[in-house]
Amino acid sequence: MATSSGEHSAVTNFRKYLRIKSIQPNVDYDGCLSFLKNQATEIGLDYEVFEVLPKKPIVVLTWKGQNPSLSSILLSSHMDVVPVFPDKWKFEPFSAEKTENGDIYARGSQDMKCVGIQYLEAIRRLKAEGKSCLRNIYLSFSSDEEIGSGPWIEFLKRKEFSQMNVGFALDEGIANPGDEFRIFYAERQVWWVRVTCSGQPGHGSQILKNTAGMKLRNVINSFLDFRTKEENRLNSDEKLTLGDVTTVNLTMLEGGIQYNVVPDKLSVGFDIRIPPTADLKAFESTIKTWCQEAGEEVTYEFVQKHEGQDITSTDKNDPWWSAFSSTMEALGQKIVKEIFPAGTDSKHTRKCGIPAIGFSPMNKTPILLHDHNEYLNEKIFLKGIDVYYALIPALANVAQ
Ligand code: ZN
């Protein structure tokens, strides 16, 4: 498996993929497509591209199973990566420089070109050994996940997607500095709320009644008092992770004309992330109450409001979970189950009724997604291929 340089060929392949500048907002999708087409040809997988939105391709590679009438397994990843601040990096972020101890520095090394290549390398090895699986296996490489997943949402509506008859999906997770793999079975919902306070305008020298500013203070106090409550709840219970609590952040403030004018309107925006286990109706009526209590003419609107509460089963009797968890057990790998604190393509896949697990095999690794100096060690990367080498057939051979 070693190339002439002594490097494992899978690592060389990974570094090649990392060097393609698939950086937002001008993503080199053409570069990704020709790379993936080559991979498909080498490994012997069917290759298809769906341009669901102009210049926003979804690549699908297929490894046919022995019984294509069974539902299939979907191995998802995205091709795009977030922007960089190159002067904050030790190495050029698209050089995929490898240090002596095997750390590979590149944007996308954790999020999530590693996983895309690990799927491919595991299947390359399985096929080379003449193995085959019961179910069809699809590898999808999506575009623009980092700016809202538009193409993936569109693809899920296509008949080509429903024809794939997906029964179970894997997608990205996140690194863990500890020994365990973090396994995500649900995601928090995103609510962006804008609250607008209207009131008496006038001269900045007066003590006016009913001003927008006084109401705005009440609104901010209610939202941020709740924030503190949730923070305390998280800190007081060891079993809770960020995904189990509701987070509130004040992210936008709008209003004002000039310093000596009391404005007739001020507004504030909050980024709220709610666990799928929360009572969404009750939470919205709480927001309504906060606005009413803040004074007259205080209104709220949703800039974004996701209401999916899909949770993938991690019951020991669930055939997918049983295949997943027993593989980890056989590998001697500890796992922790969590609700993903941010958002991935998985939540859209789950919305179609498809169980999905978010998982990137990166333990003993600092969390550096979207950060400067994102890297992954080659040994961790190669171990991840071993994990998929066991996991993919375990899932694709689930009998019913
Ligand atoms: Zn990602």
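The site of the zinc ion in this predicted model is irregular, with angles of 54 to 147° among its 4 donor atoms. Those atoms are NE2 of H78, an OD atom of D111 and two OE atoms of E172, and they coordinate the zinc ion at 1.9 to 2.6 Å. Along the sequence, the donor residues follow the spacing H-x32-D-x60-E. D111 and E172 link distant parts of the chain, as 61 residues separate them. D111 sits in the loop between β5 (103-105) and α3 (113-128), while E172 belongs to the loop between β7 (166-171) and β8 (181-187).

How far these two donors are shielded can be read from their accessibility. Buried means under 20% relative accessible area. D111 has 5% relative accessibility, so it counts as buried. E172 also counts as buried, because its relative accessibility is 5%.

We can now turn to the empty space in the model. Rolling a probe the size of a water molecule over the atoms shows where such space is left. The largest pocket holds about 670 Å³ of space. Its lining is made up of 28 residues, and the closest to the centre of the pocket are R273, A342, G343, T344 and K347. Sorted by class, the lining has 11 polar, 9 charged and 8 nonpolar residues.

Where does the largest pocket lie with respect to domain 1 and domain 2? Domain 1 (9-173 + 344-396) and domain 2 (189-305) both contribute residues to the lining, so the largest pocket lies between them. At least two lining residues come from each of the strands β9 (189-198), β11 (247-255) and β13 (265-274), and likewise from the helix α9 (346-351).

Technical notes:
Residues numbered from 1 in each chain as written. Predicted model: local features only at pLDDT ≥ 70, side-chain atom pairs only at ≥ 80, totals over all residues. Heavy atoms only, no water. 1 Å grid on protein atoms, 1.4 Å probe; cavity = no way out; pocket = protein on both sides within 12 Å on 5 of 7 lines; lining within 4 Å. Points joined across faces, edges and corners; volume = space filled by probe spheres on them. Helix = DSSP H or I, 4+ residues; strand = E, 2+ residues; numbered from the N terminus. Nonpolar A, V, L, I, M, F, W, Y, C, P; charged D, E, K, R; others polar. Domains from an automatic or database assignment. Donors = N, O, S within 2.8 Å, 3.2 Å for Na, K, Ca; no water. Tetrahedral: all angles 85-135°; square planar, octahedral: opposite > 155°, others 65-115°. Buried < 20%, exposed > 50% of the residue type's maximum accessible area, 1.4 Å probe, protein only.
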